Amino acid sequence: PDGGCSWGAASGAVAGLDVVAVVADPVLPRRAYVLANDSVNSANTGLWRTDTAGASWTLIRGLGTDLPGGLALSSDGTQLAITSLSQALPRSGTLHLSTDSGAGFTSRVLKLPLMGAPLTNLTPVFFDTEAPGTRSLYLRTIVDPDQLLLRLDGLADPVVALSTKLQLRAMARDPETGVLM
C-alpha cells in the first residue's frame, strides 16, 4: 500500500456492484469498506470489507432489499454507521451501527423529524468522538428545498442540529478550537 496514491479497478465480488460509498480505515492501512448495491442479486447489497488492500472482499453486513444510504467511520476506526432505506413507501430509514469495527451490528428504524416530508435519503456524515463531543452521530437528509443535519445521541431519536439550503457533505472538529466545521 502506498497511502492511497495508486488506484486500480475493483476485483472479485465488488467489481460488478453499484458503489454508494468507500471509506478507508484511518488506523489499519490495508482495510477499507465499500457500501454497495446489487440491483440483480440483493444478497450482495450491503457493507463489504477488505483487509488485503482490495485483493479480496467479504460481505460483513447484508442489507437485503433495502437501499443503501451511506457509510461513516469514526476517526479511531472502531465505529461504523450504515444507513438504509426501505423500498416500500412510505420509506423508513434504518441505522446499522457497529462499535467493534464491523464484527457485529445493531440495527434500528429511526424516527426522523421530517415535518411531514417523505424520506428520500439518509446519510451518516460524522462521528463526534473527540471532546467536547458526546459520541454523537450526525446524519444528513433532504427536506426539499433544505438539507437537514440531524444529531443522534445514544438511543434518543435524532434531532435537527442545522437546516440549510447549502450542500452538507462532510464535517470535522477543529483540533485546536474544538469547534465543529
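The following dialogue between a student and a tutor goes through a predicted model of one protein chain.

Student: What makes the protein chain as compact as a globular protein of its length?

Tutor: The radius of gyration of the protein chain is 16 Å, and the globule rule gives 16 Å for 181 residues, so the chain counts as being as compact as a globular protein of that length. Along the principal axes, the C-alpha trace spans about 45 × 45 × 30 Å. Of the 181 residues, 43% count as buried, and among contacts with a separation of 6 or more, 36% join residues 24 or more positions apart.

Student: How many helices and strands does the secondary structure of the protein chain come to?

Tutor: The secondary structure comes to zero helices and 12 strands, and the pattern read along the sequence is accordingly β-β-β-β-β-β-β-β-β-β-β-β.

Student: Why is A53 called partly exposed, and what is said of its phi?

Tutor: The relative accessibility of A53 is 48%, and because partly exposed covers the range between under 20% and over 50%, A53 falls into that class. A53 sits in the loop between β3 (46-50) and β4 (58-62), and although A53 is not a glycine, its phi is positive, at about 55°.

Student: Why does S101 count as buried?

Tutor: Buried means under 20% relative accessible area, and S101 has 17% relative accessibility, so S101 counts as buried. S101 belongs to the loop between β7 and β8, and its phi, near 60°, is a positive value in a residue other than glycine.

Student: Which peptide bond leading to P90 is cis, and which one leads to P145?

Tutor: The bond from L89 to P90 is cis, with omega near -5°, and P90 is placed in the loop between β6 (80-85) and β7. The bond from D144 to P145 is also cis, with omega near 10°, and P145 lies in the loop between β10 and β11 (146-152).

Student: What makes a set of residues a nonpolar core, and which residues have the most contacts inside the largest one?

Tutor: The set has to consist of buried residues of the nonpolar kinds named for a core, joined through side-chain atoms within 4.5 Å. The largest such core has 16 residues, and L112, L122 and L137 have the most contacts inside it. To this core β6, β10 and β11 each supply at least two residues. Apart from it lies another core, of 11 residues, including A21, V23, L71 and F105. In soluble globular proteins, nonpolar side chains tend to be buried together.

Student: How do you know which residues L137 is in contact with, beyond its neighbours in sequence?

Tutor: Contact requires heavy atoms within 4.5 Å, and with neighbours within four places in sequence left aside, L137 is in contact with A81, L95, P124, F126, F127, L150, R151 and L152.

Student: What lines the second largest pocket, and how is its lining divided by class?

Tutor: About 210 Å³ of space lies in the second largest pocket, which is lined by 15 residues, with L95, L97, R108, L152 and G154 nearest its centre. The elements giving two or more residues to this lining are β7 (93-98), β8 (106-109) and β10 (136-143), and β8 gives the most, with three residues. By class, the lining has six nonpolar, six polar and three charged residues. Glycine is counted as polar and arginine as charged, so of the residues nearest the centre, G154 falls in the polar class and R108 in the charged class.

How values were computed. Residues numbered from 1 in each chain as written. Predicted model: local features only at pLDDT ≥ 70, side-chain atom pairs only at ≥ 80, totals over all residues. Heavy atoms only, no water. 1 Å grid on protein atoms, 1.4 Å probe; cavity = no way out; pocket = protein on both sides within 12 Å on 5 of 7 lines; lining within 4 Å. Points joined across faces, edges and corners; volume = space filled by probe spheres on them. Helix = DSSP H or I, 4+ residues; strand = E, 2+ residues; numbered from the N terminus. Buried < 20%, exposed > 50% of the residue type's maximum accessible area, 1.4 Å probe, protein only. Rg over C-alpha atoms; globule rule 2.2 N^0.38 Å.
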